[in-house]
Amino acid sequence: MIRNEPGNVPIFEGVSVSTQAIEAVPLRPSPVDLVETFDRILAQRESIEAVLRDAFDKGAKRVYLVGSGGSYLANFNAAYLLEKHLADVTVHHITSGEFLAREPLGVNADAIVIAGSHTGGTKETVASVEFAKKRGATVLAYCSNADTALGAASPNFWSYDSKTTTGDAKQLFTAVFAYAVLKTAGADLDFEAIERNYAKLGPAIKQIHEKVDAEYGELAKKYHTENVTYVVGSGPGQAAAYNLSMCYLMEMQWMNSGFFNAAEFFHGAVEIVEDDVPVFVFLGEDSTRPLAERVRDFAVQRSSKVVTFDSKDFELEGFDEEYRYLAAPHILFTLTGRLAAQYAILNNHDLSTRRYMGKVAY
Ligand SMILES: N[C@@H]1[C@@H](O)[C@H](O)[C@@H](COP(=O)(O)O)O[C@@H]1O
């Protein structure tokens, strides 16, 4: 692998030319607009509910959560919440590409399709909306701004209007959609308490950024040159694990990594664990936590490179204790971005650098 050092330009594997003209990668800042972006997303709840109420009044029976990459993984929490709390509505969490290729028969007038994207230009996500419309489904979509192909294609559309609060915004949007589905489908939950706690999430996340920005430099120093990093999560925490592994380490740092569901880990991946093998484990506060704890407990006995990311390590100012579980997936997710920002400095590899995405046809 080509590794950039500050002041060196990689040419081929093992060959680089020194130049002082190359600037070191700075720390990607914690988004300054995070709290206002979260508030903007939360404020759109009622208009989302109105569309969904209409769909359930007409007898909707299925919900499809559709997206690609970071916009696919943003739905792990939403899928968990819907499956946990709904008996009569089935939930499908699927990538845009698979959604199009499978052409599920269930995508019809009884279906609700929720499509998400950051750019609003991902072609398979836009095509998924077109497909779902043609089939007569109720289609809802969100992305970073309305002036996009997705905004134009979607009959019911919302945006978070930020270029800097991205992954965190998408995961919050999917939670808002999930609770709007739960409310309009008649789930027995205290929605007033849920909304009251969600309103505290933005400031809590900002505080977490401050804390980990002071600590993650050391963590990154220890792991940024690893040959491979395995990342594990369960339930809603799979979003963070998938995001760190595929989007940050592989896509944005060109580092080898693999993501595994915690329960699946014991059905193959477990055999690779030995001393010196980095295993990063995400621990949330939902009913799947024991699955991730099992991986941690196994791995710490065999590897000196087990790192746990545990939402319980963080205070949540203003949260009711019994609603901490709401925040946990968002905490785990946001940690990945702050850790990646430190890797980018040490690897001198900006998080926006791509060699193929948006550059070559595929
Ligand atoms: N790492 C990126 C994600 O951040 C992005 O979400 C996804 C799809 O793009 P979009 O969200 O714009 O549809 O592509 C990649 O996976």
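**Entry 1: the five-stranded sheet.** I began with the strand order, and found five strands forming an open sheet in the order β4-β3-β5-β6-β7, with parallel pairing. At its edges I noted β4 (90-95) and β7 (156-159), each of which pairs on one side only. From one strand to the next, the twist averages 15°. I keep in mind throughout that this is a predicted model.

I then looked at one pair inside this sheet: strand β5 (residues 111-116) and strand β6 (residues 138-143) run in the parallel sense and are joined over five bridges. As a marker for the register I wrote down Ala115, which stands opposite Ala141 in β6. Helix α2 (residues 45-57) packs on the sheet, where it touches β5, β6 and β7, and its direction makes about 160° with that of β6. Helix α4, for its part, lies across β3 (62-67) and β4, and runs at about 165° to β4.

**Entry 2: the four-stranded sheet.** I next traced a sheet of four strands, also open, which has the order β9-β8-β10-β11 and parallel pairing. Here β9 (257-261) and β11 (306-310) stand at the edges with a single partner strand each, so one side of each is left without a neighbour in the sheet. With direction ignored, neighbouring strands of this sheet are turned by 20° against each other on average.

For the register I took strand β10 (residues 279-283), which pairs with β11 in the parallel sense over five bridges, and I noted Val279 opposite Val306 in β11. Two helices that lie across strands of this sheet went into the notebook: α12 crosses β8 (229-233), β9 and β10 at about 165° to β9, while α15 lies across β10 and β11 and runs at about 145° to β10.

**Entry 3: the domains.** I looked up how the chain is divided, and the assignment gives domain 1 (34-189) and domain 2 (201-347). Their C-alpha centres lie 25 Å apart. For the contact between them I recorded 17 residues of domain 1 against 23 residues of domain 2.

**Entry 4: the largest pocket.** Where does the largest pocket lie with respect to domain 1 and domain 2? Both domains give residues to its lining, so I place the pocket between them. Its volume is about 1300 Å³. Of the 43 residues that line this pocket, I listed those closest to its centre, which are His118, Lys170, Glu251, Met252 and Arg354.

The elements giving two or more residues to this lining are α3 (70-73), α6 (123-134), α8 (167-184), α12 (238-253) and α15 (324-346); the largest share, six residues, comes from α12. By residue class, I recorded the lining as 13 nonpolar, 20 polar and ten charged.

**Entry 5: the largest cavity.** I finished with enclosed space, for which a search of the whole structure finds one cavity of 30 Å³ or more. About 30 Å³ of space lies in this cavity. The residues I found lining the cavity are Asn77, Tyr80, Leu81, Pro236, Asp286 and Tyr325, of which four are nonpolar, one is polar and one is charged.

Which helix gives the largest share of the lining of the largest cavity? I found that α4 (residues 76-85) does, with three residues. Since domain 1 and domain 2 both give residues to the lining, I place the largest cavity between them.

Notes:
Residues are numbered from 1 along each chain as its sequence is written. This is a predicted model: local features need pLDDT of at least 70, side-chain atom pairs count only at pLDDT 80 or more; totals for chains, interfaces and linings use all residues. Side-chain values use heavy atoms; hydrogens and water are left out. On a 1 Å grid over the protein atoms alone, a cavity is a set of points where a 1.4 Å probe fits but cannot get out, and a pocket is an open set with protein on both sides within 12 Å along at least five of seven lines; lining residues have an atom within 4 Å of a point. Grid points are joined across faces, edges and corners, and a volume is the space filled by probe spheres set on the points. Ala, Val, Leu, Ile, Met, Phe, Trp, Tyr, Cys and Pro count as nonpolar, Asp, Glu, Lys and Arg as charged, and the others, Gly among them, as polar. Domain bounds come from an automatic or database domain assignment. Two strands pair if DSSP finds at least two bridges between them. Axes are lines fitted to C-alpha atoms, for helices over the stretch in contact, and angles run from 0 to 180 degrees between N-to-C directions. Contact means heavy atoms within 4.5 Å.
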